[in-house]
Amino acid sequence: MAKLRILSSAGDSIVEWDAARVQQGDPDALAAVREAERIFAEQRARGATAFVVAPDAPARRLDQFDPAAEHVVLVPRVAGG
Amino acid sequence: MIEPATFLLAIGIILGVLVLLPRVVRWWAAQRRAAALLREVLGEAAYRQLDQHGYLEVRSPSRPSQRYRIPRQKGLVTVYDGDKLIMSLCVQPTVRIPGDDTVLMHKLLIEGNEAEYLRIANRRDLTLAAPKRHGK
């Protein structure tokens, strides 16, 4: 399952979808991807940054939503303290 | 017979607990979710290092001799060049997030967006704090 995780005060919220079922055109999987894409765009507009994470690999910044990315974390906007 | 003052105090305590308890439960759940996510992203070895030392070390992607030290508890991120402390950095999320999510935030920003992280950070150059003594 591919995951989009959004960091927030409640911990993180998750949107998940099955990439294989998306390719098959499964309506539920497609709806989940659309929801993930909507949240991605909304959070990016608020200044959040997205990263692809994988075990034992450095994080990679993601500027465009990628439904094939396995694990994406959205970090809220930051400022100098 | 209960004194009116005692009765009011008891009511106050009960109301306080009723108001605070859900917040404490939500806060606790958020901490647990953040710890689980951090553990998943870091893997067991790095998570153990964080647990043992109280900080997470992240290598600079652009300068191999430098590494960032991210504290698990509140505090500044520090930068080391070899064994020498050279800089402290303050970068904060603009929304409140659990402590372990903050550790993850620093790690992701350093690894995936270091130049922007350093541009945003409030920096303190620590190489100037203790000038080298020449001569003897």
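In this predicted model, Arg46(A) and Glu42(A) form a salt bridge, with their closest N and O atoms 3.7 Å apart. Arg46(A) is exposed, at a relative accessible area of 56%. Its partner Glu42(A) is partly exposed, with 32% relative accessibility.

A second pair to look at in chain A is Arg44(A) with Asp63(A), whose side chains meet in a salt bridge of 3.7 Å from N to O. This contact links distant parts of the chain: Arg44(A) sits in helix α2 (residues 27-45) of chain A, while Asp63(A) belongs to the loop between β4 and β5 (71-75) of chain A, and 19 residues separate them. Arg44(A) counts as partly exposed at 30% relative accessibility. Asp63(A), at 37%, is partly exposed too.

Now over to chain B, where the side chains of Arg67(B) and Glu57(B) come together in a salt bridge, 3.0 Å from N to O. Arg67(B) lies in strand β2 (residues 66-71) of chain B and Glu57(B) in strand β1 (residues 55-59) of chain B, so the salt bridge ties together parts that are ten residues apart in sequence. Is Arg67(B) buried or exposed? With a relative accessible area of 15%, Arg67(B) is buried, because that value falls under the 20% cut-off. Glu57(B) has a relative accessible area of 28%, so this residue counts as partly exposed.

Here are the three pairs side by side.

| Salt bridge | N to O distance |
|---|---|
| Arg46(A) and Glu42(A) | 3.7 Å |
| Arg44(A) and Asp63(A) | 3.7 Å |
| Arg67(B) and Glu57(B) | 3.0 Å |

Which residues do shared salt-bridge partners join into one network? They are Lys3(A), Arg5(A) and Asp12(A) from chain A, together with Arg33(B) and Glu40(B) from chain B. Over all chains, the count comes to 17 salt bridges.

Let's turn from side chains to strands. In chain A, strand β3 (residues 49-54) and strand β4 (residues 57-62) run antiparallel and are joined by four bridges. Ala50(A) stands opposite Leu62(A), which is in β4(A). How many residues lie between the strands in the hairpin of β3(A) and β4(A)? There are two, and Asp56(A) takes a positive phi near 60° in this hairpin. Beyond the hairpin, the loop between β4 and β5 of chain A brings us back to Asp63(A), the salt-bridge partner of Arg44(A) in helix α2.

Technical notes
Residues numbered from 1 in each chain as written. Chains lettered and ligands numbered in written order. Predicted model: local features only at pLDDT ≥ 70, side-chain atom pairs only at ≥ 80, totals over all residues. Heavy atoms only, no water. Pairing = 2+ DSSP bridges. Salt bridge = Lys/Arg side-chain N within 4 Å of Asp/Glu carboxyl O. Buried < 20%, exposed > 50% of the residue type's maximum accessible area, 1.4 Å probe, protein only.
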